[in-house]
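Trainee: Before we look at this one, could you take me through how each label is earned, setting the value against its definition?

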Amino acid sequence: MEVPILKQGHYLIASIQSALTDADLSQLREALIERVGRFRARGVIVDVTALDVMDSFAVRTLRDIAHMARLRGAETVIVGIQPEVAFAMVQLGLTLKGVSTALDLEEGLAFLNIQTQLRIDRGPGRLDRG
Amino acid sequence: MATKGKDAQSPLPDPQAQTESTAALLRELVAHLRQNRTQLREEWARRITRAQLLTAMTEEEIFAEATSVYDNYVEALETGTFEALQAYARNLSERIIPRGVETHEVVGIVLLLRDVLARSLFGKYHEDFDKLNRILDAYEPAANRIANTVAVGFVQERERIIRQQQEAIRELSTPVLQVRERLLILPIIGVIDPQRARQLTEQLLRAIRTNRAKVVVIDITGVAAMDSNVANHLVQTVEASRLLGATVIVTGLSPEIAQTLVTIGVDLSEMATVGDLQGGIEEAERLLGYKVLPLEELTPKA
């Protein structure tokens, strides 16, 4: 199933609606990175609220998206990880190191607003939160 | 023993007849116990006092309990069913456990009753050794089963209470409190075992989502000791909270715990730590953009 990617101002929002196969995830990664360039996006939000399972491939793909988007000039934030999923992830050692996270879409937008504001104030290269 | 040898030589009675005769013997036994109720009960209560059992209870209480235990005992012998006795044992345990009665006392008094009754049987049938033997054959299995039932009932009741209290302690000991909009504190007190650590993490994660918390202060002043397992649980809790978008500050690490953690080499580099709870809350407020000022500094100076 393809994940819809919405453009909202300077940000791209990918809202995952159902469980994804590995191929879907790879496809999402390609689409997002391509669109970061096309729309000159400054931020990417991946909403995983609907996911009740997160395996190592999904975590790796999300991390790759964050790192690749940063290389292309956009900050990424993963939002909506469920408490149970978070607990299972740390138990499996899948901790999304170096990737920003926020409680939900609203928080993610607020976080990106601060981050991109900082970027304008201070210039790139000092954004890493983790 | 000698009689047993004799029994082995004589042809065995068929099981049906044997059950019948056991029943008849038990009936005779029960009649005897009913007849001598007062005397045997007193003898028993006397021996309980002499053996210094049930010291938590007064003499009148012991006598009252002894009476009902005695009646239940005889009834169980008579009917051969143990449900009523089981219920009574549970009820009794419920009443006496809070008084501080120990397991050995309960087992002790039931065994004393068994001995008192056996003595009285010896007294009654000492002239007819064969009859005594058969009476004891009928009495002993039943008496043992009664002792067993009462002891098991007591221990089960005790375990139930322990479980209930553990549950209550767990519930009580992990409160997640909101001190300010989007700021939670989680004071941990006592021992952290894997089960509690898991429950704690789950509770915290749920609270983060319901309160939309951005910063959590975990205070471990009340944690006496920490090993690598507990430390890893703590790291996991911090990581899981971060996945929900909340920053965790750990406060109140005692010098001993700090030393232990460094010695066993737990990697706490991912964890923000502040000396005490006050410092932790101040740091959290800074992260949230609050600043606490005395009122006089807010009022414009003339």
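Mentor: Let us begin with buried area, which is the accessible area (1.4 Å probe) that two parts lose on being put together, summed over both. Between chain B and chain A that area is about 1,800 Å², and carbon and sulfur atoms give 54% of it. This is a predicted model, in which local features need pLDDT of at least 70 and side-chain atom pairs count only at pLDDT 80 or more, while totals for chains, interfaces and linings use all residues. Residues are numbered from 1 along each chain as its sequence is written, chains are lettered from A and ligands numbered from 1 in the order in which they are written, and side-chain values use heavy atoms, with hydrogens and water left out.

Trainee: Which three residues supply more of the area that chain B buries against chain A than any other three?

Mentor: They are B:Arg212, B:Arg242 and B:Leu243, which supply 36% of that area.

Trainee: What makes A:Glu107 and B:Arg182 a salt bridge?

Mentor: The term requires a side-chain nitrogen of Lys or Arg within 4 Å of a carboxyl oxygen of Asp or Glu. The side chains of A:Glu107 and B:Arg182 meet at 2.7 Å, N to O, so the pair satisfies the rule. Across the interface of chain B and chain A, the rule finds five salt bridges.

Trainee: How many residues of each chain are in contact across the interface?

Mentor: With contact meaning heavy atoms within 4.5 Å, 18 residues of chain B are in contact with 21 residues of chain A.
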